[in-house]
Amino acid sequence: MNTTPSHSPVLRLQDIGFAYPGQPAIAAGWNASIGPGITLLYGDTGAGKSALLQVIAGALPATQGRLTVTGTSLDASPEAYRRHVFFVDPATDRFDQITARDCTATLREGDAGFDEGLWEALVEGFSLPPHIDKPMYMLSTGSKRKVWLAAALASGRPLVLLDEPTAALDAGSVRCLWGALADLAGQPGRAVIVASAARIDEVPLAATVELPLH
């Protein structure tokens, strides 16, 4: 497991523990520093990648430990912490009743660094213009994911969490995704964690975290 950053870390995980009730621990005493660039969270299906992303996002409570993004602690300032993180659970239905455009507006609230021009380019790259004003419930699984990915990749938040981002995407959209991630890889102060059951060699990686952690 390589999590030694070459720059100041964006995310610090200190003594993190997490387990579903009655299940073996996914993390126990996990310490890591995630620096700028793309970090791959790699493991087989069912290894706990999605759960760890939700813990890092502050959507699932860790059983122990401390999470800090750019100096802001989840324990001390939960709202400020979450404003530093972009994460959408791929299984969510909370945006189903609003349009893709309104979903994006919701996701970018409080995101002062959101890049409107980049978002528009990503909407084109993901072939979303015919769908952008449709309710999310009318969109395919892949198109929903593309709406969230466009917002994530255009986000100015320091930490972006992507859960199996290529799932249900067409080949052209996968190329668009890798291109955008490659551009993000060199941005100072920005970290992207990509959870994937496949190795990634399409973009330069700053680090790889392999599951199981223990």
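A residue counts as buried when its relative accessible area is under 20%. Keep that cut-off in mind as you explore this predicted model.

**View 1. Ile 26, a buried residue in a loop.** Let's start with Ile 26, which is found in the loop between strand S1 (11–18) and strand S2 (27–34). Its relative accessible area is 14%, so Ile 26 is buried. Now look for Leu 211: along the chain it is 185 residues away from Ile 26, yet the C-alpha atoms of the two are separated by 8.5 Å.

**View 2. A cis peptide bond after Leu 211.** Stay with Leu 211 and step on to Pro 212. The peptide bond that links Leu 211 to Pro 212 is cis, and its omega is near 0 degrees. Pro 212 is found in the segment that follows strand S9 (207–210). Leu 211 also belongs to a nonpolar core, which comes up again in View 5.

**View 3. The whole chain at a glance.** Here we step back for a moment to set the scene. The chain has 6 helices and 9 strands, and its C-alpha trace spans about 45 × 35 × 35 Å along the principal axes. A compact globule of 214 residues would have a radius of gyration near 17 Å, and the chain, with 16 Å, agrees with this. Buried residues make up 50% of the chain. Among contacts between residues at least 6 apart in sequence, 72% join residues at least 24 apart.

**View 4. The largest nonpolar core.** In soluble globular proteins, nonpolar side chains tend to be buried together. The largest core here has 40 residues, and Phe 126 and Leu 181 have the most contacts inside it. Several elements each supply at least two of its residues, including strand S3 (37–42), helix H3 (100–107) and strand S8 (191–196). Helix H5 gives the largest share, 8 residues. Which residues does Leu 181 touch, not counting those up to four places away in sequence? They are Ile 38, Leu 153, Leu 162, Val 192, Val 194 and Val 203.

**View 5. A second core and helix H1.** A separate core of 31 residues includes Leu 52, Ala 57, Tyr 81 and Leu 211. Leu 52 and Ala 57 are also among the buried residues of helix H1. Why is H1 described as largely enclosed by the rest of the structure? The reason is that 8 of the 9 residues of this helix (residues 49–57) are buried. Lys 49 and Gln 54 are among the buried ones, along with Leu 53, Val 55 and Ile 56. Just after the helix, Gly 58 takes a positive phi of about 85 degrees.

**View 6. Two positive phi values in the loop between S7 and H6.** Glu 164 lies in this loop, and so does Ala 168. Phi of Glu 164 is near 45 degrees, a positive value in a residue other than glycine. Phi of Ala 168 is near 70 degrees, again positive in a residue other than glycine. Are these residues buried, partly exposed or exposed? With a relative accessible area of 24%, Glu 164 is partly exposed. Ala 168 has a relative accessible area of 51%, so it is exposed.

Key:
Residues numbered from 1 in each chain as written. Predicted model: local features only at pLDDT ≥ 70, side-chain atom pairs only at ≥ 80, totals over all residues. Heavy atoms only, no water. Helix = DSSP H or I, 4+ residues; strand = E, 2+ residues; numbered from the N terminus. Rg over C-alpha atoms; globule rule 2.2 N^0.38 Å. Buried < 20%, exposed > 50% of the residue type's maximum accessible area, 1.4 Å probe, protein only. Contact = heavy atoms within 4.5 Å. Core = buried A, V, L, I, M, F, W, Y, C linked by side-chain atoms within 4.5 Å.
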